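Reader: I would like to learn how to read a protein model, taking one feature at a time. Could you go through it with me?

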Amino acid sequence: MIKSVATVVCSLLAFSFNASANGVLVDGKPFASLKSAISSIKDGSRIYLEAGVYTEGAYIKASNIAILGEPGVVFDGALADGKAALVLTGDNVEVESVECANISAPAGNGACIRFEGANLVARDIHVHDCESGIMTASDAGKVEVSYSRFERLGNRNGYAHALYVKADELHFRYSSILSTKMQGSGIKSRSKKVVVENSIIAALDGVDSRLIDMANYGELIVRDSILQQGNNSSNSQLIAYGLEKKIKQEFEINKIVIKDNLIFFDRRQANVLVRSRLEDERIISGNVFVGDFNNPNEFVEGNLWYMSRAKAHVTSAPYLPQIHEKQIVMDRIRIIGEAQND
């Protein structure tokens with residue numbers, strides 16, 4: 001609903017005010033550029049971005065705001081405060097329908113969004129060929145990412161990631177992280193709770209570190225998703241849990257739940273589903289594993305394991321089904337595949 005309103009308003013802006021690319025509306029008032037609009041953004045503002053290429057970033061302090069782009073909004077090489085295209089320091093912020101490309105920072109972790117408040121909703125975000133996707137600097141509130149895509153992100157041998165989040169909770173839904181590079185992780189978390197559902201996290205041909213790295217333990221739930229370990233991955237583990245040195249458990253719940261996922265092990269060297277230093281509880285069930293991996297006997301009960309894509313009768317790598325095809329593909333594998341533990 002919000003998106004359709006944003007599109008209509010921005011279209012009217014283009015016709016009524018004869019604005020060029022980078023035209024912006026703040027609470028109904030038109031501006032020629034985002035830079036010229038910054039001083040008018042206050043708590044509760046609604047910012048509508050007209051389609052176009054934005055080469056300057058924005059540092060916005062206001063809370064309870066929404067930044068809504070019409071189709072075709074691209075921040076290309078834009079940087080604010082040496083951190084990100086959008087540096088947002090207020091609480092309760094929404095960002096919708098924004099693309100970011102080619103963003104780098106002096107520190108090597110240039111992001112599309114650097115969020116320094118509490119409670120972020122990022123919807124329909126496409127970030128590619130940058131150093132980072134979304135970074136946070138607060139340990140409070142919730143970060144919700146949905147219907148978004150992150151591709152070819154990473155830098156500095158593992159010091160930049162598609163998502164780097166420290167918050168009470170991170171929810172990643174109906175989204176994808178693909179081909180993370182330069183030993184970055186898809187999701188690097190220091191949050192109390194991370195939920196990944198109905199999403200794809202895949203290394204493909206990227207030289208990534210891990211798909212998910214829960215650096216400070218906490219609660220990890222991955223369900224109804226597709227995970228893929230690529231042949232170029234620099235670490236054997238798809239998921240790391242509390243592996244950093246000198247990290248202590250600091251949260252009340254320290255639990256791993258991996259349920260009803262389709263998981264491909266395409267690395268020709270060792271593949272490891274989860275490596276953890278310790279956890280209070282681990283539930284891994286209802287998954288379909290395709291490919292050879294270490295310690296499969298740990299996960300036999302409640303899961304099906306196929307030694308290779310050929311045994312599962314699935315197209316060879318790098319093929320991955322779309323997320324809406326996942327259940328159909330899993331059902332087909334169960335029917336015609338040759339399970340190692342059937």
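What follows is a conversation about a sheet, some aromatic rings and two polar side chains.

Author: Before we begin, please keep in mind that this is a predicted model.

Reader: Let us start with the sheet, then: how many strands does the open sheet have, and in what order do they lie?

Author: As a general idea, strands of a sheet pair through backbone hydrogen bonds, either parallel or antiparallel. Here the open sheet has nine strands with parallel pairing, and their order is β5-β8-β10-β12-β15-β18-β21-β24-β27. Its edge strands are β5 (58-60) and β27 (272-276), each of which pairs on one side only, and from one strand to the next the twist averages 10°.

Reader: Which bridge partner does Tyr 164 have in β18?

Author: Tyr 164 has Lys 188 as its bridge partner in that strand. Strand β15 (residues 163-165) and strand β18 (residues 187-189) run parallel and are joined by three bridges.

Reader: Turning to the aromatic rings, why is the pair of Phe 293 and Trp 305 described as edge-to-face?

Author: Ring planes over 60 degrees apart count as edge-to-face. The planes of Phe 293 and Trp 305 stand at 75°, with the ring centres 5.6 Å apart, so this pair is edge-to-face. Phe 293 sits in the loop between β29 (288-290) and β30 (304-306), whereas Trp 305 belongs to strand β30, so that the pair links parts of the chain twelve residues apart. Both residues, Phe 293 and Trp 305, are buried, and ring pairs link them with Phe 265, Phe 289 and Phe 299 into a cluster. In the whole structure, a search finds ten aromatic pairs.

Reader: Now for a charged side chain: is Glu 131 buried or exposed, and which side chain of opposite charge is nearest?

Author: Glu 131, found in the loop between β11 (120-128) and β12 (134-136), is buried yet has no salt bridge, the nearest side chain of opposite charge being that of Arg 156, 6.9 Å away. A salt bridge would need a distance within 4 Å. The side chain of Glu 131 does reach the backbone nitrogen of Gly 110 at 2.6 Å, and a polar contact of 3.1 Å joins it to the side chain of Asn 155.

Reader: And why does Gln 237 count as buried?

Author: Buried means under 20% relative accessible area. Gln 237 has 7% relative accessibility and therefore counts as buried. This residue lies in strand β24 (residues 237-241), and its side chain makes polar contacts with the side chains of Arg 210, at 2.7 Å, and Ser 236, at 3.5 Å.

Conventions: Residues numbered from 1 in each chain as written. Predicted model: local features only at pLDDT ≥ 70, side-chain atom pairs only at ≥ 80, totals over all residues. Heavy atoms only, no water. Pairing = 2+ DSSP bridges. Helix = DSSP H or I, 4+ residues; strand = E, 2+ residues; numbered from the N terminus. Axes fitted to C-alpha atoms, helices over the stretch in contact; angles between N-to-C directions. Phe/Tyr/Trp six-rings, centres within 6.5 Å; stacked < 30°, edge-to-face > 60°. Buried < 20%, exposed > 50% of the residue type's maximum accessible area, 1.4 Å probe, protein only. Lys, Arg positive; Asp, Glu negative; His and termini not counted. Polar contact = N/O pair within 3.5 Å; in protein donor to acceptor, adjacent residues only side chain to side chain.
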